Amino acid sequence: NKMLFNDQIMDRKDVINIEDRGYQFGDGIYEVIGVYDGKPLLLDDHLERLVRSAEQVQLSLPSSVEDLKSKLDQLVSINELEEGIIYMQVSRGASPRWHEFPDAAVAPVTIAYTRAEERMTDIEDQGATAVLTEDIRWLRCDIKTLNLLPNVLAKQKAVENGSIEAILHRGETVTEASASNVFIVKNGELYTHPADNYILNGITRKKILQLCKKLNITVNEETYTVTELLDADEVFVTATKLDVVPILKVDQHTIGSGVPGETTKRIVEEFRSLYKQDVKS
Ligand code: PLP
């Protein structure tokens with residue numbers, strides 16, 4: 001059986017399996033896990049979220065969390081990865097193209113690979129800019145699925161404007177960013193969108209909520225508006241490997257005094273020391 005691949009007719013077996021449901025429907029889930037000093041950070045939390053994503057899309061993971069964990073550890077060590085990420089995805093498998101779930105005998109396809117990546121400490125210290133764009137995603141943003149086209153379009157808009165992120169809003173309400181969660185600081189207190197169906201419950205976000213308790217910084221898991229974002233004293237975004245990045249400007253609006261704020265700096269520092277402890281333990 002032949003297929004067209006770019007400009008060549010080829011044997012199907014020699015090309016990627018186009019009937020993997022990840023390709024045709026984005027029918028699958030994924031995780032991106034940071035690796036620091038040769039060790040995956042917060043791996044248990046990532047795998048817990050993977051299990052939840054799988055349940056929410058009725059995909060049965062082909063192996064246990066314990067198995068996945070040891071395989072990922074093995075992959076990092078075989079690839080001698082010191083600093084970077086593990087990308088892992090599970091699609092609902094390869095099967096003739098019909099929208100409904102394939103026969104139960106069709107096994108999900110699990111793929112993971114690693115990529116070396118430097119830490120972005122300069123950007124964490126100096127800050128970056130962001131753009132605003134309407135959140136056009138579906139209503140289950142809490143599931144980490146392969147359907148990322150709205151996120152891709154939003155991030156492209158950011159990059160074309162020399163920015164690190166696109167902050168998304170549904171009407172007046174700020175949700176999150178194209179690949180990170182957003183926090184604002186007002187009068188010394190933090191505000192971030194509650195972890196409901198409108199945002200991905202970031203592992204970094206969760207960690208920051210914990211460390212704010214320790215730092216005695218009040219965090220309000222409440223929605224806030226675009227106006228409140230622009231009027232905030234400080235804004236920062238959080239994600240795996242990006243960690244905590246101060247946002248100094250949103251579109252043409254300078255945030256606070258246009259330099260990384262004191263509260264944000266405390267969180268950047270605390271996050272760094274937390275991850276060092278986690279790596280050591
Ligand atoms: N929100 C979205 C839409 C994301 O894609 C991501 C992950 O990259 C995040 C938030 C941050 O999540 P985490 O801290 O688990 O990386």
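These legends go with close-up views of a predicted model. Residue numbers start from 1 along each chain, in the order its sequence is written. Because this is a prediction, local features need pLDDT of at least 70 and side-chain atom pairs count only at pLDDT 80 or more, while totals for chains, interfaces and linings use all residues.

**View 1. How confident the predictor is.** The protein's average pLDDT (per-residue confidence, from 0 to 100) is 96, and 98% of the residues score at least 70. For the complex, the predictor reports an ipTM of 0.99 and a pTM of 0.96.

**View 2. The shell around the ligand.** Here 14 residues surround the ligand (C-beta, placed from the backbone, within 6 Å), and the closest are L200, G202, I203, T204 and T240. Two or more residues each come from α6 (203–215) and β13 (234–239), with helices being DSSP runs of H or I, at least four residues, and strands runs of E, at least two, numbered from the N terminus. The top contributor is α6, with three residues. By type, the shell has five nonpolar, seven polar and two charged residues, where Asp, Glu, Lys and Arg count as charged, Ala, Val, Leu, Ile, Met, Phe, Trp, Tyr, Cys and Pro as nonpolar, and the others, Gly among them, as polar.

**View 3. Where α2 meets α3.** L43, L47 and V51 in α2 touch V65, L68, K69 and L72 in α3 (contact: C-beta atoms, placed from the backbone, within 7 Å). That contact is made of six nonpolar residues, no polar ones and one charged.

Key: pLDDT is the predictor's confidence in each residue, from 0 to 100. Two residues are in contact if their C-beta atoms, placed from the backbone, lie within 7 Å.
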